Amino acid sequence: MTDVDTGGRDRLALAVLVQYRMATTEQMHLIVSSDVRIEQTRRRLMKLRGEGLIDRITLPQAGRTRVWHPTAYGAQVAGEWPELRGRRPPRGAVDRTAVRLKVGHGLTVTETALAFLQDARHRGDVCRPLDWIPEVHHPLGGGEAVIPDALLYYQRRPTDRADDASRTTRTTRTTRTTRTNRADGADEGNNESDVRGGVMLRAFVEVDRATMGPERLAAKLSAYARLHNYAPAPAVRQRQQPFLEPAQETWRQRYPLFPRLLFILDSTGPVGVENRINALRAATRRAELAPFLRDVPVLAAPMTDLLHHGPTAPVWQPVTDLDHRVDWMHTRHP
């Protein structure tokens, strides 16, 4: 049969809300159905609400903005789909009160996702709505864990020689020529992350809304460095081999290379952004962070610059070299 509405966009809309936790009507429209009129998105959301799959809260400010979130029933339905296997949202994601209390940070994280999605569409890269995964749990042992605001999967399109020459020209204007960083497989000679001629990038994203002091923000560097090194002790057996293989870092079970780390700074002026970036820079001087920083690009950018210029513009500062501005795909250390 042809021309049958199989509910594909209804399914994607529910999947996005289950995975993202919350989004406004406009955000949902741009993420799921930017090629149609927004009225169609509104009708789709109202239909899903009528079916008990999603619900909404209305913010008293900002023109009574509607914020959509999944219901427990919607999360149960979508949780059975292959594309969301293992990504069941926390209980608070389906509770109206919890959504209301988290709406500031939650909508900012969704807006950040939208910036990467729209930039990828413009560039011809591959970054689909479900390639943005909030709050992926990475255990550190002893009940501790690293939980980034989001994990981003992004496939950069293959480039021809003219594109490469253009990129080289832009890069030399913003950073010095050095050896290529190994992290993320983004260097052109690393085939481990090549996907059909393109390069697969991964990033841990931390969206900071200035709700904690600069030192607490900078402490996240140590947490990611611990994740970079963490390998659980092997289980003790009665008959152990005389020579045990060294334990492997747990992140290698998920990623071929450790994702880069992106800090996005919001809800503060230029002075506040500078203070927070300086705190990150100061933390990099700790000797125990050196192996992590040698292998993993760590970049920071103001949210205002990210939204105005796009994430592939040179709006990012490497925390190890604040004198330069690069794009988020940057892989070279000064």
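**Exercise 1. Are Phe 204 and Tyr 255 buried or exposed?**

Solution. The model is a predicted one. Step one: look at Phe 204, which is buried, and then at Tyr 255, which is buried too. Step two: put a value on Phe 204. Its relative accessible area is 0%. Buried means under 20%, so Phe 204 qualifies.

**Exercise 2. Classify the ring pair of Phe 204 and Tyr 255, then extend the search.**

Solution. Start with the total: the structure holds eight aromatic pairs. Now take Phe 204 and Tyr 255. Their ring centres are 5.9 Å apart and their planes stand at 80°. An angle over 60 degrees counts as edge-to-face, so this pair is edge-to-face.

Next, place both residues in the chain. Phe 204 belongs to strand β9 (residues 198-208). Tyr 255 lies in the loop between α8 (214-229) and β10 (260-265). They are 51 residues apart, and the pair links distant parts of the chain.

Then try Phe 258. Phe 204 and Phe 258 also form an edge-to-face pair, with 5.5 Å from centre to centre and 75° between the planes. Phe 258 sits in the loop between α8 and β10, 54 residues from Phe 204. Phe 258 has a relative accessibility of 3%, so it counts as buried.

Finish with the cluster. Ring pairs join Phe 204, Tyr 224, Trp 251, Tyr 255, Phe 258 and Phe 292.

**Exercise 3. Describe the surroundings of Met 28.**

Solution. First, find its element: Met 28 is in helix α2 (residues 25-32). Second, check exposure. Met 28 has a relative accessible area of 1%, so it is buried. Third, list the contacts beyond four places in sequence. They are Ala 13, Val 16, Leu 17, Ala 23, Ser 33, Thr 41 and Leu 45. Last, turn to Thr 110, which is 82 residues away along the chain. Its C-alpha atom is 9.4 Å from that of Met 28.

**Exercise 4. Do the same for Gln 317.**

Solution. Gln 317 is in strand β12 (residues 317-318). Its relative accessible area is 11%, so Gln 317 is buried. Now look for a polar partner. A polar atom of the Gln 317 side chain lies 3.0 Å from the backbone oxygen of Leu 322. Leu 322 is also among the contacts of Gln 317 outside its sequence neighbours. The others are Ile 277, Val 298, Leu 299, Ala 300, His 324 and Arg 325.

**Exercise 5. Which strands pair with β3, and how enclosed is β3?**

Solution. Begin with β1 (residues 23-24). Two bridges join β1 to β3, and the strands run antiparallel. Thr 24 stands opposite Val 67 in β3. Go on to β2 (residues 54-58). It pairs with β3 in the antiparallel sense, over five bridges. Here Asp 55 faces His 69 in β3. Now judge the burial of β3 (residues 66-70). Four of its five residues are buried, so the strand is largely enclosed by the rest of the structure.

**Exercise 6. Work out the hairpin of β5 and β6.**

Solution. Take the pairing first. β5 and β6 (residues 144-146) are antiparallel and share three bridges. His 138 stands opposite Val 146 in β6. Then take the turn. Two residues lie between the strands, and Gly 142 has a positive phi near 65°. Now compare the faces of β5 (residues 138-141). His 138 and Leu 140 make up the covered face, while Pro 139 and Gly 141 make up the uncovered one.

**Exercise 7. Which residues other than glycine have a positive phi? Examine Ala 210 and Ser 267.**

Solution. Recall the background: most residues other than glycine have a negative phi. Ala 210 has phi near 60°. It lies in the loop between β9 and α8. Its relative accessible area is 32%, so Ala 210 is partly exposed. Ser 267 has phi near 65°. Its place is the loop between β10 and α9 (270-283). At 41% relative accessibility, Ser 267 counts as partly exposed.

**Exercise 8. How many residues has the largest nonpolar core?**

Solution. It has 48 residues. Trp 132, Leu 152, Trp 316 and Trp 328 have the most contacts inside it. Helix α1 (residues 8-20) gives the largest share, seven residues. A second, separate core has 31 residues, including Ile 133, Val 146, Leu 265 and Val 298.

Note on methods:
Residues are numbered from 1 along each chain as its sequence is written. This is a predicted model: local features need pLDDT of at least 70, side-chain atom pairs count only at pLDDT 80 or more; totals for chains, interfaces and linings use all residues. Side-chain values use heavy atoms; hydrogens and water are left out. Buried means under 20% relative accessible area, exposed over 50%, partly exposed in between (1.4 Å probe, protein chains only). Contact means heavy atoms within 4.5 Å. A polar contact is a pair of N or O atoms within 3.5 Å; within protein, one must be able to donate a hydrogen and the other to accept it, and residues adjacent in sequence count only if both atoms are side-chain atoms. Two strands pair if DSSP finds at least two bridges between them. Rings of Phe, Tyr and Trp (its six-membered ring) pair if their centres lie within 6.5 Å; planes under 30 degrees apart count as stacked, over 60 as edge-to-face and the rest as tilted. A nonpolar core is a set of buried Ala, Val, Leu, Ile, Met, Phe, Trp, Tyr and Cys residues joined through side-chain atoms within 4.5 Å.
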